[in-house]
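Please open the structure in your viewer and keep the sequence panel beside it, since the tour moves from one selection to the next.

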Amino acid sequence: MTKRKRRNDFALPQVAVLFLILFFGPALFPPPASANYFNDFYNGVEKFSGLPGEVNELKESYRQTLDELDRAKESAKAFEEQNAELVQQNRQLAETVNELKKQSDLKDAKARKFKTMLIAVILLVAGYFIGIRVLRFLMRRSNRRVRR
């Protein structure tokens with residue numbers, strides 16, 4: 001019986017160790033990696049066969065980008081031409097405004113000169129009539145003194 005007892009005494013730790021190995025074994029000893037050459041080759045062929053389509057998509061995207069760039073260049077060129085025309089029109093308008101201003105200044109100067117001449121003529125005519133009246137008055141007065 002002593003032999004049997006010894007077997008039973010070692011059975012519990014053996015079961016516990018066996019249980020721990022079974023429970024934590026997969027975590028401690030992961031399954032070996034498998035080299036799946038056929039799947040890897042098939043996946044590589046699939047990726048490689050998909051490359052021409054991606055290349056074509058990239059080419060088409062590149063063409064579209066080039067077209068958009070050409071349109072942007074044409075638009076920029078059109079804006080430059082329009083800007084040059086507007087600058088030319090601005091110069092012409094500035095020259096026209098300067099000419100109109102000069103003409104306006106000349107017109108104002110002529111108007112001032114005419115106004116000055118008109119006032120001078122009116123003053124001369126008024127002075128003439130007033131002078132004649134004063135002269136007559138003085139002559140009458142002097143004739144009255146002489147007659148007395």
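Helices here are DSSP runs of H or I with at least four residues, and they are numbered from the N terminus. With that in mind, note before selecting anything that this is a predicted model.

Begin with the whole protein chain, coloured by secondary structure, where you should find 2 helices and 0 strands. Switching to a surface view, the accessible surface of the protein chain comes to about 15,200 Å², and 63% of that area belongs to carbon and sulfur atoms. How much of the protein chain is made up of buried residues? Of its 148 residues, buried ones account for 1%.

Next, select residues 2–28, which are helix α1, and look there for Phe-23. Phe-23 has a relative accessible area of 55%, and because exposed means over 50%, this residue is counted as exposed. Adding Phe-19, Leu-20 and Phe-24 to the selection shows the nonpolar surface patch that these residues make together with Phe-23, with an area of about 450 Å².

Now move to helix α2, which covers residues 37–147, and select Glu-60 and Arg-63, both of which lie in this helix, 3 residues apart, or about one turn of the helix. These two side chains form a salt bridge in which the closest N and O atoms are 3.4 Å apart, and the count of salt bridges comes to 1. Are the two partners buried, partly exposed or exposed? Arg-63 is partly exposed, with a relative accessible area of 47%, and Glu-60, at 38% relative accessibility, also counts as partly exposed.

From there, select Asp-67, Glu-68, Asp-70 and Glu-74, which form a negative surface patch. Asp-70, a member of this patch, has its place in helix α2, and with a relative accessibility of 39% this residue counts as partly exposed.

For the following stop, select Tyr-128 and Phe-129 and show their rings as sticks. The structure holds 1 aromatic pair, and the rings of Tyr-128 and Phe-129 have their centres 5.6 Å apart, with their planes at 70 degrees, so the pair is edge-to-face. Both Tyr-128 and Phe-129 are exposed.

Finally, select Arg-133, Arg-136, Arg-140 and Arg-144, which together form a positive surface patch. Which helix holds Arg-144? Arg-144 lies in helix α2, and at 56% relative accessibility this residue counts as exposed.

To look back over the charged stops, you may show the two patches together in contrasting colours, with the negative patch formed by Asp-67, Glu-68, Asp-70 and Glu-74, and the positive patch formed by Arg-133, Arg-136, Arg-140 and Arg-144.

Terms used
Residues numbered from 1 in each chain as written. Predicted model: local features only at pLDDT ≥ 70, side-chain atom pairs only at ≥ 80, totals over all residues. Heavy atoms only, no water. Patch = residues over 30% accessible without salt bridge, like charges linked within 9 Å, V, L, I, M, F, W, Y side chains within 5 Å. Areas by Shrake-Rupley, 256 points an atom, 1.4 Å probe, with all protein chains shown as cover. Salt bridge = Lys/Arg side-chain N within 4 Å of Asp/Glu carboxyl O. Lys, Arg positive; Asp, Glu negative; His and termini not counted. Charge placed at Lys NZ, Arg CZ, Asp CG, Glu CD. Buried < 20%, exposed > 50% of the residue type's maximum accessible area, 1.4 Å probe, protein only. Phe/Tyr/Trp six-rings, centres within 6.5 Å; stacked < 30°, edge-to-face > 60°.
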